[in-house]
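Biologist: Before we look together, could you take me slowly through how a model like this is read, beginning with its cross-links and going on to its sheets and helices?

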Amino acid sequence: QHQAASCRRLATAFMVVHSFIEHCALGSFSAVVFVFALIHADGAAIGPECASYLSKKGFASADALAAALRNNEDGLKMPCSENAADQRLYSPDPKPRIPGATDTTPLGCRFGNPAMFKAGGSTSTTCCGSRPHFNWIVATCEGSTGQFCAALPSCVAAGSPKINYVAAYQFDGKSFQLMDDSSVGDLSTEGIAGNHGKGTGWESKKAAFKWQSGDWPTKYAPWAHGDGPSGPRGVTPPAGLWVLSAENFYYGAFYMLSQLGINLEGKGAPTGTVCWDWELDPLEGTGGWAPGRPLPGDLNMLYNTNNAQSSGCMPVSWAASQANGFEHELKVPEDYQAYCKAKPDADGCQPWKKDRDVSWSGGAQSSARFENLWDEPYVFAVVIDAKGYWTYRWRSGALANRTGWPGIERFKAGRTLQPRPNPVRNDAGLRTDVRGDVTESVIWQPSMPSEAACLRASIESVNWDFGSGALGSIADQLGQNGPGGAYEGAQNWWNHFADTGQNANYPLSIAGVPRSKLPKNYPCNARDHLSCTCTIAQFRNVSNVGTATSEIFF
């Protein structure tokens, strides 16, 4: 077994040399000398894109990159030093409770987000050594106003959302297993259930999950009321799933933070920080993005975003052109290289061309959003796996109270679920900017494993974000990122997730369509035109309301 592993590493090393000679501007002999400096003593090798990254940045080796980060432009003394006492108090247990889940002990992040560092030279903080444990937050306009709820119609606070249940699942290598401590509903041996109309499920249990308010006046989350290790563990590699079933999710937010951060904020930030070093927003109302200004889309268009905060240990793609290093060749996502060669004019395949770029990370300038109709039952399922973030939506009321994922229904979900839903086949649901009447749909945000992360970082400065992501990617390729490794604490967490087979030969439009394909005007995005009856279909024969998309800037 050891000999076979060594042979594989040596084969990879020679492939790196061959690739580098073919593509590098250096002469062949110089390239060979350079690449062999990138081969570790045990035969592990840095991949072609990561080798190219080092060359472009003028680093002779991964050691040189690590040295640059130790004296980085951001003034952060990397790696940070873990505070073991705080970890025991606030961090989730790194040891798995479900067989097949990942032991995250060796995955502590020590190169990256400034939240892990203190000013004045101290490097020992609560956040240093954060591990890939993630969990959900539901944010609503119940009871009050705030940044995201000010000046909205009263019907929003009174009638949205109406939730049946929220469930969290851990992938064990074969199936998704329900995590009771991170789920809100009526739990049983069969799974979870809830019916808002009957006052069961979420409605009867949510009070126990009340969390700190802020930009949204009311929030709920699963957090450790005692010490961190005894509380919810959250979702970890190899994959995770969150499910939200609602009778109405017209406006609100369903997003994810690190479990460490959720614990700290739930306790009122006892160490002076909430470790905001990662965020995923599958569904987010935009009333608070630019207070007082028009919304990027209608009030009931909830956006899908993954770049609100970066960790430095889980690289983010941003735009398709950036993810491909501004090159005139689609390398990322690797799974779509053949697709785009066969269909070069397909959405997302030529992001370097004028008006063809796509934001894979979502946000105000993107097409990654769901239009949700008033009092329309929807079920949302959010998957995190090796290929990225997958957000599904089904109109459960139009599907006899079922969804496309066996075991997930409008009023209940099973305790064990198969690894993926039935393929989405509705063409209108295989592109972003999903309309409210679409029965089934999926939006995808691609991951950035090592080679993709190095290509993405190649056009950026060597800073806490992209520099750390590149080093973490290289350290993983060399097997030197764990305890005792040369680059301990430099991580790319994407490499520890498994592919759960979500991609059913979908078009690349599930990751985004160009802005040129979005509506130019909206009936319900101007502050004086907000209502609880919004639908983009209203605008087909209307020309005197709404604001042109091109006039909105953030």
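Modeller: Let us begin with a term: a disulfide is counted here when a pair of cysteine sulfur atoms lies within 2.5 Å. In general, a disulfide is a covalent bond between the sulfur atoms of two cysteines. Please keep in mind that this is a predicted model, in which local features need pLDDT of at least 70 and side-chain atom pairs count only at pLDDT 80 or more, while totals for chains, interfaces and linings use all residues. Residues are numbered from 1 along each chain as its sequence is written, and side-chain values use heavy atoms, with hydrogens and water left out.

Biologist: How many disulfides does this rule give, and what is the S-S torsion in the pair Cys127 and Cys275?

Modeller: The rule gives eight disulfides. In one of them, Cys127 and Cys275 have their sulfur atoms 2.1 Å apart, and the torsion about their S-S bond is about -90 degrees, so this disulfide is left-handed. Cys127 belongs to the loop between strand S2 (124–125) and strand S3 (134–140), whereas Cys275 belongs to the loop between helix H8 (259–266) and strand S11 (279–284), so the bond ties together parts that are 148 residues apart in sequence. The names of these elements follow DSSP runs, numbered from the N terminus, with helices (H or I) of at least four residues and strands (E) of at least two.

Biologist: How should I read a sheet, and which strands stand at the edges of the one that contains S6, S7 and S16?

Modeller: Strands of a sheet pair through backbone hydrogen bonds, either parallel or antiparallel. Here two strands are taken to pair if DSSP finds at least two bridges between them. In this case three strands form an open sheet in the order S6-S7-S16, with antiparallel pairing. Strand S6 (186–187) and strand S16 (412–414) are at the edges with a single partner strand each, so one side of each has no neighbour in the sheet. Two bridges join S6 to strand S7 (residues 191–193) in the antiparallel sense, and Asp186 stands opposite Ala193 in S7.

Biologist: In what order do the strands of the six-stranded sheet come?

Modeller: The order is S8-S3-S10-S11-S12-S13, again as an open sheet with antiparallel pairing. Its edge strands are strand S8 (218–220) and strand S13 (369–371), each of which pairs on one side only. Strand S12 (residues 301–305) is joined to S13 by three bridges, the two running antiparallel, and Tyr303 stands opposite Arg369 in S13.

Biologist: Now for the helices: at what angle do H4 and H12 pack, and which residues meet there?

Modeller: To read such an angle, one fits axes as lines to C-alpha atoms, for helices over the stretch in contact, and takes angles from 0 to 180 degrees between N-to-C directions. Helix H4 (residues 62–70) packs with helix H12 (residues 466–478) at about 145 degrees, the axes being 10 Å apart. Contact, meaning heavy atoms within 4.5 Å, brings Ala62, Leu65, Ala66 and Leu69 in H4 to residues of H12 that include Leu471 and Leu478.

Biologist: How does H11 run relative to H12, and how does H3?

Modeller: The general scale counts angles under 35 degrees as roughly parallel, over 145 as roughly antiparallel, 65 to 115 as roughly perpendicular and the rest as oblique. Helix H11 (residues 450–457) packs with H12 at about 150 degrees, with the axes 9 Å apart, which means that H11 is roughly antiparallel to H12. Helix H3 (residues 48–57) packs with H12 at about 135 degrees, with the axes 10 Å apart, and H3 is therefore oblique to H12. In that contact, Cys50, Tyr53 and Leu54 in H3 meet residues of H12, among them Phe466 and Ile474.

Biologist: Finally, which peptide bonds ahead of Pro79 and Pro161 should I look at, and where is Trp318 found?

Modeller: The bond from Met78 to Pro79 is cis, with omega near -5 degrees, and Pro79 has its place in the loop between H4 and strand S1 (81–82). The bond from Ser160 to Pro161 is cis as well, with omega near 0 degrees, and Pro161 sits in the loop between helix H6 (154–159) and strand S4 (162–171). Trp318 is found in the loop between S12 and helix H9 (320–323), and its phi is near 60 degrees, a positive value in a residue other than glycine.
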